[in-house]
Amino acid sequence: MNILYDERLDGAAPKLDKTAIRDSLAQDVPGLTLLHREEDLHPFECDGLSVYRTLPMLVALPETLAQVEQLLKTCHRLGVPVVTRGAGTGLSGGAMPLEHGVLLVLSRFSRILEIDPEARIARVEPGVRNLAISEAASPYGLYYAPDPSSQIACSIGGNVAENAGGVHCLKYGLTVHNVIKVEVLTIEGEHMTLGSDALDAPGFDLLALFNGSEGMLGVVTEITVKLLPKPETAKVLMASFDDIEKAGNAVGSIIAAGIIPGGLEMMDNLAIRAAEDFIGAGYPVEAAAILLCELDGVEADVDDDCETVRRVLEAAGATGIQQARDDAERALFWAGRKNAFPAVGRMSPDYYCMDGTIPRRELARVLKGISDLSEQYGLRVANVFHAGDGNMHPLILFDANTPGELDEAEALGGKILELCVEVGGTITGEHGVGREKINQMCAQFRPDELATFRAAKAAFDPTGLLNPGKNIPTPARCSEFRTIKSAAADPAKQG
Amino acid sequence: MDKTATTPHDHDASESLAERIRQASATGTPLRIVGGDTRGFYGRPTEGEVLSTAEHRGITFYDPVELVVSVRSGTPLAELEAALAEQGQMLPFEPPRFGEASTVGGMVATGLSGPRRPWAGSVRDFVLGARVLGHEGIEQRFGGQVMKNVAGYDLSRLMVGAQGTLGLLTEVTFKVLPRPGASRSLHLDISLEEARNRLADWGREPLPISAAAWLEGALHIRLEGGPSSVAATRERLGGDELDEKFWPALRDLKLDFFGQGDASARASDRPLWRLSLPHRTASLGLADAAEASMIHDWAGAQCWVRSAIDAETLRSACRRVDGHATYLGACGGPGSDEPFTPLPSVLLKYHRNLKAELDPKGIFNPGRLYAAF
């Protein structure tokens, strides 16, 4: 099943007169930069999920909140869908434009409005890059904890939309745990504040609801995040294993010993070799798997914990354990992991990154399942894994220029996600559903649960103008998904 | 699947709860949801047929290595915390108990967290998933039993603090954490101003502070973490040893300050208010004596006041600093009709919309949070 917007399955798209809308916006929103020529629209035709492209009808690049507010009011009045976009680094097509919609690009809202070291908060505009917050907080000994691998480029507005994670989530939480307040404009152009500078706010926890809502409930225009004191020290242990299951068990044993590492990452042999070839991080290329375990905090505690973890890893059958000697080597160990995606990308013309989360105890079963599927589809899969929190990133290697191979890669990816659901996990840990996993939502949730999601959406956007088609599939799409699945399960029904 | 031994009380009552909801939906009968009925003082009184989750009990899943526990909503909080303690683990947000009957469902519905909250996070921060009986009496699953999950809207965290107005929680899954290796408590006899200054300085250092409350002329501090850092910090901060029992007494509103008994027994001339304030709040602009007589918990972010001060004076003082005030006094007191700070009109509109979408018949705890829904 294709994931591109399909009116038959995703609902009729509005019939819009591009010129009339352009004129209305130009008239209603003074000074708004509005792109409409095909050559200007091309740079915006996709986000980080670049295999899918759609040319937006119009691209708006507002510079003031008044412009955003008026744009929303006009779009609401004319019934024009609005897709909000930050840096466009998302991996699930959450900011994929619509042929019949306005792409609202917030990248010009890139000011850090306030760093308050006493209150340990930063107030920023949505287009501010994730890493820029930590850089601005650094002189005060503070930082912003969530660190998606794309942190150098991704914007905080997009982080809120996707409830982005990173390699330090187990200990420091996701975006939802680190954002204390957002300013929102509704589709009708009304302003509201969710959360507060205090630790809670009266009423429903709409702040939690908006985190990860993929721009479908409102447009986030300002974000206040909490800042943490930088840990006094951080140390990294790298352990190699001759068997991936042993590495998986070692993860459980570390946590069973009462230790919550700052980061706990696992890579399989294909990913290790790719990263080593690219970065030269000093990874053992013969190992079946490596674990990177970062312990951070107060010096004395970290030293104690390093000893404990070392003993646990030895008992778990590690064939080698190496502790980074200094910050430079620690950075190098992490560079291998953080560059694993582009590293794998060098081994193959294209790759497709998955994002399932599983209970850790199911790791061996899921890896075996992935390896069987890989063989069945004839496509290589490298595994990179936020082992501490069970978030897997299998990377499917393929060549889009070979006819049919993209379809095969997608089908394999879909099977991997369904396997994650089967073992009690989820189709997306941190990348979001977007358009990419719209079909697998039908495997994850029952029809009545999806109906409740639609009800929540309707409370904020009853006419469905904000980012239509993302995150929550229509009943028609799910019904087709189930028909295809049951046909596949029962060959007698196949034509 | 790992799981602690079942207790004789374990029972799945979800089907009979669902049936009651279907009936209520059919007849448009409002329901007053209770667990242990120990948190009735928090929020507006609700008229309705009592729907009790107390029979719906038991831990359905617990795997200490996964750091995940799933528990039915009618399970006593004490039972859950005992099961976690057996494995050296805990609910990091340190939820208050207002009686032995306090249940997990009530804890989530009210969303109250204890002294560790500013450092560890709140109830909703540790909710991974929930099962909810919606208005049609069908059990729905949101979130899950894994650490990271962004599939669909985050309806499980939305339920935290919603006071049962959006549906009936039947089961909640939490992330749990190991108990700290060491814990020490101390008190320093310093002024409120000095306490604020020191906490602001310490907050920028990675110190193992896990609770900080100023009251009656002294700053009370708890240190938790690795034995080495706790010992070193204890040495550095000085002060006198504090009995660890202080913290559960503060958590459960059992210090002398709070008076005897629950809200209804609290003298209405000095009702209890909870103020939620930004950390850096220097002063509310109330009389010095009034501020010195408050408990400043959560390093100043949660203050407890007993005063006959009128609601609007207190609320506008809080609003000026982006905080809010909640009334926990007896019925008929100065804030009892509107215990929670009134919402701005746009926000109220979307609260009503959400309530109307998820509970179109208005059967779940109507009016519990606000009179409007």
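**Entry 1. A strand pair in chain A**

I began with a single bridge and found that R85(A) has V105(A) as its bridge partner in β4(A). The model I am reading is a predicted one. I then looked up the two strands concerned: β3(A) pairs with β4 (residues 102-105) of chain A in the parallel sense, over four bridges.

I next traced the sheet to which these strands belong. It is an open sheet of four strands of chain A in the order β1-β2-β4-β3, with mixed pairing. I noted that β1 (33-35) and β3 (82-85) of chain A are the edge strands; each has a single partner strand, so one side of each has no neighbour in the sheet. I also looked up the turn between neighbouring strands of this sheet, which is 25 degrees on average with direction ignored. As a reminder to myself, strands of a sheet pair through backbone hydrogen bonds, in either the parallel or the antiparallel sense.

**Entry 2. Positive phi in chain A**

I looked up two residues other than glycine with positive phi.

R120(A) has phi near 55 degrees, a positive value in a residue that is not glycine. I located R120(A) in the loop between β5 (112-116) and β6 (121-124) of chain A. Is R120(A) buried or exposed? The count is 20 C-beta neighbours inside 10 Å, so R120(A) is classed as buried; the cut-off for that class is 20 or more.

N471(A), also not a glycine, has a positive phi of about 70 degrees. I found N471(A) in the loop between α18 and α19 (475-489) of chain A. N471(A) is buried, because 28 other C-beta atoms lie within 10 Å.

**Entry 3. Domains 3 and 4 of chain A**

I took the domain assignment of chain A, which lists domain 1 (7-105), domain 2 (112-229), domain 3 (233-343) and domain 4 (347-493). For domain 3 and domain 4 of chain A, I read a separation of 28 Å between the C-alpha centres. Their contact draws 17 residues from domain 3 of chain A and 15 residues from domain 4 of chain A. On the side of domain 3 of chain A that touches domain 4 of chain A, at least two residues come from each of α10, β13 (263-268), α11 (269-279) and α14 (340-345) of chain A. By class, that side of domain 3 of chain A has twelve nonpolar, two polar and three charged residues.

I then examined one residue, V344(A), which lies in helix α14 of chain A. V344(A) counts as buried because it has 27 C-beta neighbours inside 10 Å. Which residues does V344(A) touch, leaving out those up to four places away in sequence? I listed A271(A), A274(A), Y351(A), A382(A), L395(A) and L397(A). For V344(A) and A274(A), I noted 70 residues of separation in sequence and 5.3 Å between C-alpha atoms.

**Entry 4. Chain B as a whole**

I turned to chain B, whose secondary structure amounts to eleven helices and 17 strands. For its 373 residues, a compact globule would have a radius of gyration near 21 Å, and the 21 Å of chain B agrees. Along the principal axes, the C-alpha atoms of chain B fill a box of roughly 60 × 50 × 35 Å. I noted that 56% of the 373 residues in chain B are buried. What share of the contacts in chain B between residues at least 6 apart in sequence joins residues at least 24 apart? The share is 70%.

**Entry 5. Domains 2 and 3 of chain B**

The assignment divides chain B into domain 1 (14-178), domain 2 (182-251) and domain 3 (256-327). I read 22 Å between the C-alpha centres of domain 2 and domain 3 of chain B. In this pair, eight residues of domain 2 of chain B contact nine residues of domain 3 of chain B. α6 (192-203) and β11 (209-215) of chain B each supply at least two residues of the domain 2 side. β11(B) gives the most to that side, with four residues. That side of domain 2 of chain B has seven nonpolar, no polar and one charged residues.

**Entry 6. Contact between chains A and B**

Lastly, I looked up the contact between the chains, which takes 79 residues from chain A and 68 residues from chain B. Several elements of chain A each supply at least two residues of the side that touches chain B, including β9 (191-195), α10 (244-256), α12 (299-315) and α18 (447-460). α18(A) gives the most to this side of chain A, with nine residues. By class, the residues on the side of chain A that touches chain B divide into 36 nonpolar, 26 polar and 17 charged.

Conventions. Residues are numbered from 1 along each chain as its sequence is written. Chains are lettered from A and ligands numbered from 1 in the order in which they are written. This is a predicted model: local features need pLDDT of at least 70, side-chain atom pairs count only at pLDDT 80 or more; totals for chains, interfaces and linings use all residues. Two residues are in contact if their C-beta atoms, placed from the backbone, lie within 7 Å. Ala, Val, Leu, Ile, Met, Phe, Trp, Tyr, Cys and Pro count as nonpolar, Asp, Glu, Lys and Arg as charged, and the others, Gly among them, as polar. Two strands pair if DSSP finds at least two bridges between them. Axes are lines fitted to C-alpha atoms, for helices over the stretch in contact, and angles run from 0 to 180 degrees between N-to-C directions. The radius of gyration is taken over C-alpha atoms; the globule rule is 2.2 Å times the number of residues to the power 0.38. A residue is buried if 20 or more other C-beta atoms lie within 10 Å of its own, exposed if 12 or fewer, and partly exposed in between; C-beta atoms are placed from the backbone. Domain bounds come from an automatic or database domain assignment.
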